Amino acid sequence: MTLRTLGQSDLKITPIGIGAWAIGGGKWEFAWGAQDDEQSIAAIQTGLHHGINWIDTAAVYGLGHSESIVGRAVKGLYPRPYIFTKCSLVWDQFGNISHNLQAASIRREAEASLKRLGVDAIDLYQIHWPAWKGNPESVSPGSIEEAVGALAELKAQGKIRYAGVSNFNARQMQRALKVAPIVSLQPPYSLLATDVEASTLPFALAHQIGVIVYSPMASGLLSGAMTRQRIAAMPPDDWRKNSPNFREPRLTRNLELVEKLRAIGRRYNASAGEVAIAWTLDNPAVTGAIVGVRSPQQAAGVAGAGKIKLTPEDMMDLEEGMSPQAA
């Protein structure tokens with residue numbers, strides 16, 4: 001795969017990255033249902049075998065479990081893939097998640113992540129959220145400025161190589177840049193979630209901030225493998241059961257869009273999901289796309305998305321079926 005430079009860093013990343021949200025397993029607030037750890041490790045290693053060179057996770061995924069699985073999957077690999085993870089979401093002994101932007105909390109999180117991942121330095125350490133669950137920033141202890149300052153200190157100590165942010169808007173990125181350099185932004189972006197096109201992606205492009213988008217297949221809805229029956233059979237602890245995109249009245253229109261993706265995919269011998277991912281990569285602001293995998297088959301099935309170059313005709317076909325709305 002062709003490598004792309006992530007912002008103003010020396011990280012040369014493949015257009016596709018391995019997403020490790022779902023491999024955190026079940027029984028936590030944002031779970032995707034139960035997950036077999038050996039399948040997770042095999043999925044990661046299959047993605048690496050197909051040339052993908054970075055993995056994105058977060059401390060909160062599975063309440064530490066995802067990072068531990070990523071650590072197991074990359075142990076002993078040389079060269080190892082880039083490891084990206086996130087901070088600011090913490091949990092208590094009962095699994096209750098809260099948001100904290102205080103420097104002391106972020107330092108503790110970084111130490112715990114380093115231990116779970118089994119690495120000496122995290123390649124990209126990202127503030128997961130600037131605020132939490134729709135609340136104003138003032139509800140969370142600390143501030144964006146304090147958190148970015150903590151990341152700068154961790155970088156100076158050699159514990160992280162680069163600092164990034166996730167789910168920030170243009171105004172919040174501007175505030176972060178006044179404290180220290182940030183090399184990347186991680187926003188949600190897909191055919192079903194295009195809000196960031198208005199100001200967030202243009203700001204990142206103008207300031208040479210790399211962008212790695214998450215949920216390019218709208219959490220699996222645009223993969224081509226999702227059906228009404230599969231949605232109905234999702235376990236109770238799969239957060240998608242309550243997502244508006246997976247329920248009517250949106251579901252019918254979204255599945256019609258999948259048929260358009262499938263038709264375009266036939267032109268490239270590609271899946272609907274690969275076309276959906278390729279669409280996000282067509283945006284000039286986007287450096288890479290994070291693709292969640294739970295099995296070796298899924299990992300092998302998305303690796304080709306970075307090689308697809310959609311034509312203007314393809315883009316027009318997709319725009320006719322787009323339904324811009326929240327992820």
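Begin by selecting Tyr 125, Ile 127, Leu 221, Leu 222, Ile 277, Leu 310 and Leu 318, the residues with the most contacts inside the largest nonpolar core, which has 87 residues. A nonpolar core here is a set of buried Ala, Val, Leu, Ile, Met, Phe, Trp, Tyr and Cys residues joined through side-chain atoms within 4.5 Å, where buried means under 20% relative accessible area with a 1.4 Å probe and protein chains only. Helix H9 (residues 272-281) gives this core its largest share, seven residues; helices (H or I, at least four residues) and strands (E, at least two) are DSSP runs numbered from the N terminus. Another core, of twelve residues, lies apart from it and includes Leu 6, Leu 124, Val 183 and Ile 212.

The model is predicted, with local features needing pLDDT of at least 70 and side-chain atom pairs counting only at pLDDT 80 or more, while totals for chains, interfaces and linings use all residues. Residues are numbered from 1 along each chain as its sequence is written, and side-chain values use heavy atoms, with hydrogens and water left out.

Next, centre the view on Leu 222, which, when residues up to four places away in sequence are not counted, touches Leu 191, Leu 192, Pro 216, Met 217, Asn 254, Leu 257, Val 258, Leu 261, Ala 272, Gly 273 and Ala 276; contact means heavy atoms within 4.5 Å.

Now show helix H8 (residues 250-268) together with H9: their axes come within 8 Å and cross at roughly 95 degrees. Axes are lines fitted to C-alpha atoms, for helices over the stretch in contact, and angles run from 0 to 180 degrees between N-to-C directions. H8 and H9 are therefore roughly perpendicular to each other, a label given to angles of 65 to 115 degrees. On the H8 side, select Val 258, Leu 261, Arg 262, Ile 264 and Gly 265, and on the H9 side Ala 272, Val 275 and Ala 276, which make the contact.

Turn then to the strands, eight of which close into a barrel with parallel pairing in the order S3-S4-S5-S8-S9-S10-S11-S12; two strands pair if DSSP finds at least two bridges between them. Within the barrel, strand S8 (residues 122-127) and strand S9 (residues 160-166) run parallel and are joined by five bridges. To see one bridge pair, select Tyr 125 and its partner in S9, Ala 163.

Finish at helix H2 (residues 65-74) and helix H3 (residues 103-117), whose axes come within 7 Å and cross at roughly 40 degrees. Here Glu 67, Ser 68, Val 70 and Gly 71 in H2 meet Ser 113, Arg 116 and Leu 117 in H3.

Key
Buried < 20%, exposed > 50% of the residue type's maximum accessible area, 1.4 Å probe, protein only. Parallel < 35°, antiparallel > 145°, perpendicular 65-115°, else oblique.
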